[in-house]
Amino acid sequence: MSKVELSRRGFLKGTLAATGAAMAGTAAHAGDIPEKWQQPKCSGWSWEKPAAKIAPEQIKKTVDTDVVVIGAGLAGFAAALAAAQEGAKVVLVEKTRGWSCRGGHITAFNSSLQKKMGIDIDAAEIVRRLVAWGQGRMDERLLWMFARKCGDCMDWAIDIAGKHDTNVTLWEGYYKGPTYTEFPVTHFFYNKNINLDYTYGNSEGIGNVALMPCFEEELKKAGVTLMYRTSAVQFLQDANKRVTGLIAGRPNNYTQINAAKGVIIATGCYGSNEEMRKAFAPYSLHADAQIYFPTKSNTGDAHIMAMQVGGVMQKNDNHAATVHLEAGAGSYGFLHVNANGERFMNEDVNTQSKSCSKELQPHGIAWTLRLQLDTGCEETG
């Protein structure tokens, strides 16, 4: 047997051909915004133009309710069910053919599951870290509200899941590194008699896809009207500019939904609307893949409707972008180098931080390296 001596410096000077490598990023130079993504100079953004008013003769049906919810995702289902449990008459509209969900890891502090497992969460420490990561560019009141209420919200979801033979557990893969440490706060739901292996994003019977049918059944029991294949198109306003409902459906077959107590927007992000990304999250345009929204239905429709009736999008330098390393290179490998073969970061950080660091490298390209050394071992007879 021969022994191979190889230092990290020597390795990085060598060729990449002897390694297994995966690439993430784009061919664009870091910081460059291609011309097609730049802000329009004369025409303005599409939502800055007033929407054409829908003629009364196109409205074929009128529905009266207390609350109308836009969006049949986990947020929309939770909002609709909570309102119904408080005694409100609720209508939920969704433009696709049914509910949808993404992922499955749900953060909660001091849930009944954690207490049962003897896990004591320092919620204040987590909030302080989030504030530091965001450099103070957030509404801290919302973080503290989340910290106070998320445990009870998780217990509510656990109770709903339990009625439908769906279980919950904590993700066991949280990282405990010397610098970066994840807290054991990640809950995910799962159906009975399924494989809990979450490798390569396998979510069959695991995650929110297991929880959503439980919510849908509870919504039906609570009398919530679910209007699938029904797009929200335009908000209704009274003389004081208060939103009083919406118009939904298709041209010449619209439904007017009057909401006595309010409208809830629960439509998720605008990641599939390139114009909105140009305006509010240009950094996200460097990402070379979108792994969360195969239906491309997250087009910011209700955000635009709100802005057209006087709503204002939160203004800061760049909205948080869903840029995830899993679309390219593996996130948990140790050694990451840029196109020049240079290690450029401490890998002891979370997956999204690695993604953002890679996008800032030359050409927006980075590599995860897996060293494969020939030890020279040979068997002899």
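Start by selecting V90 and F189: these two have the most contacts inside the largest nonpolar core, which has 30 residues. Such a core is a set of buried Ala, Val, Leu, Ile, Met, Phe, Trp, Tyr and Cys residues joined through side-chain atoms within 4.5 Å. Buried means under 20% relative accessible area, exposed over 50%, and partly exposed in between, with a 1.4 Å probe and protein chains only.

Now colour the elements that give two or more residues to this core: β2 (59-70), α2 (74-85), β3 (90-93), α5 (140-162), β5 (166-170) and α6 (208-221). Helices (H or I, at least four residues) and strands (E, at least two) are DSSP runs, numbered from the N terminus.

Before going on, note that this is a predicted model: local features need pLDDT of at least 70 and side-chain atom pairs count only at pLDDT 80 or more, while totals for chains, interfaces and linings use all residues. Residues are numbered from 1 along each chain as its sequence is written, and side-chain values use heavy atoms, with hydrogens and water left out.

**Around V90**

Zoom in on V90 and show what surrounds it. Leaving aside neighbours within four places in sequence, V90 is in contact (heavy atoms within 4.5 Å) with T65, V67, V69, A80, A83, A84, G223, V224 and T225. Then pick M227, A259, A302 and A306, which are among the 15 residues of a second, separate core.

**The three-stranded sheet**

Next, select β4, β5 and β6. They form an open sheet in the order β4-β6-β5, with antiparallel pairing. Because β4 and β5 stand at the edges, each with a single partner strand, one side of each is left without a neighbour in the sheet. Strands count as paired if DSSP finds at least two bridges between them; here two bridges join β4 to β6, and five link β5 and β6.

To follow the register, click on H187 in β6: I106 is its bridge partner, and L170 also stands opposite H187. Further along β6, F189 is the bridge partner of V168. How is β6 placed in the rest of the structure? Five of the six residues of this strand (residues 186-191) are buried, so β6 is largely enclosed by the rest of the structure.

**Aromatic stops**

A search of the whole structure finds five aromatic pairs. Rings of Phe, Tyr and Trp (its six-membered ring) pair if their centres lie within 6.5 Å; planes under 30 degrees apart count as stacked, over 60 as edge-to-face and the rest as tilted. Select F109 and F146 for an edge-to-face example, 5.6 Å centre to centre with 80° between the planes. F109 lies in the loop between β4 (106-107) and α3 (112-116) and F146 in helix α5, so the pair ties together parts that are 37 residues apart in sequence. F109 is buried, at 3% relative accessible area, whereas F146 is partly exposed, at 38%. Afterwards, show W45, W47, Y270 and F280, which form one aromatic cluster.

**Cysteines**

The structure holds zero disulfides, a disulfide being a pair of cysteine sulfur atoms within 2.5 Å. Why is C153 without a bond to C150? The sulfur of C150 is the closest cysteine sulfur to that of C153, yet at 7.4 Å it is too far for a bond. C153 is partly exposed, with a relative accessible area of 46%, while C101 is buried at 18%.

**Last stop: confidence**

Finally, colour by pLDDT, the predictor's confidence in each residue, from 0 to 100. The mean for the protein chain is 82, and 78% of its residues reach 70 or more. Over residues 1-31 the pLDDT is below 50, and this stretch has 68 contacts in the model beyond near neighbours in sequence.
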